[in-house]
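Please open the model in a viewer and display side chains as sticks. The tour below proceeds from one selection to the next.

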Amino acid sequence: MAEFKVVVADPETGETFQREVDGQDANRFLGRELGDEIGGDAVGLSEHTIELTGGSDETGRPMREDVSGTRLKELLLEGGVGFEPSREGERKRITVRGREIDDDVAQINASVVDGDGDVAAAFGEGDAEDAEDDE
């Protein structure tokens, strides 16, 4: 049974929210690729649409949009997802995961692209923290 940690970013406020999904909600992500838009019902955002923007597997290997399927692939990178060079011209061979989501993925990154209402309120956060600050 698939189980994922989904990190949802709200680009309007810059906040991120983490949710654990399993069972039928996790199955909605299987077979999807980075860049796909899906309904936010799986993470508790019924009024919103989210776009899959990235992820990683259990060992921390990042997913890349330019690698097809679910396979692992070694790439010689000059920068970008999976490698940040420390000096000019530096390249490094890095193992990355493909753009399709499968059971080996541990974390999925997503961004809210459409919807009505406040994302923090939909997750049940924000208002409680403000009330605690006022005390």
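Select D57 and R97 together: both residues are buried, a term that denotes under 20% relative accessible area, with exposed meaning over 50% and partly exposed in between (1.4 Å probe, protein chains only). For D57 the relative accessible area is 4%. The model is a predicted one, in which local features need pLDDT of at least 70 and side-chain atom pairs count only at pLDDT 80 or more, while totals for chains, interfaces and linings use all residues. Residues are numbered from 1 along each chain as its sequence is written, and side-chain values use heavy atoms, with hydrogens and water left out.

Keep this pair on display and colour by secondary structure. D57 belongs to strand β4 (residues 45-57); helices (H or I, at least four residues) and strands (E, at least two) are DSSP runs, numbered from the N terminus. What joins the side chains of D57 and R97? They form a salt bridge, at 3.1 Å from N to O, the criterion being a side-chain nitrogen of Lys or Arg within 4 Å of a carboxyl oxygen of Asp or Glu. Because D57 lies in strand β4 and R97 in strand β6 (residues 92-97), the pair ties together parts that are 40 residues apart in sequence.

Next, add R61 and D104 to the selection. Together with D57 and R97, these residues are linked in a network of salt bridges. Then show the surroundings of D57: leaving aside neighbours within four places in sequence, D57 is in contact (heavy atoms within 4.5 Å) with L72, R97, D104, V105 and A106.

The structure holds six salt bridges, and two further examples merit a selection. Choose D66 and R64, whose closest N and O atoms are 3.0 Å apart. Here D66 is exposed, at 53% relative accessible area, whereas R64 is buried at 13%. Then choose D25 and R28, with the closest N and O atoms 4.0 Å apart. D25 is partly exposed at 28%, and R28 is likewise partly exposed at 35%.

Finally, turn to the aromatic rings. Rings of Phe, Tyr and Trp (its six-membered ring) pair if their centres lie within 6.5 Å; planes under 30 degrees apart count as stacked, over 60 as edge-to-face and the rest as tilted. By this rule there is one aromatic pair. Select F4 and F29: the ring centres are 6.3 Å apart and the planes stand at 80°, so the pair is edge-to-face. F4 lies in strand β1 (residues 3-10) and F29 in the loop between α1 (24-27) and β3 (37-40), so the pair ties together parts 25 residues apart in sequence. F4 is buried at 1% relative accessibility, and F29 is buried at 0%.
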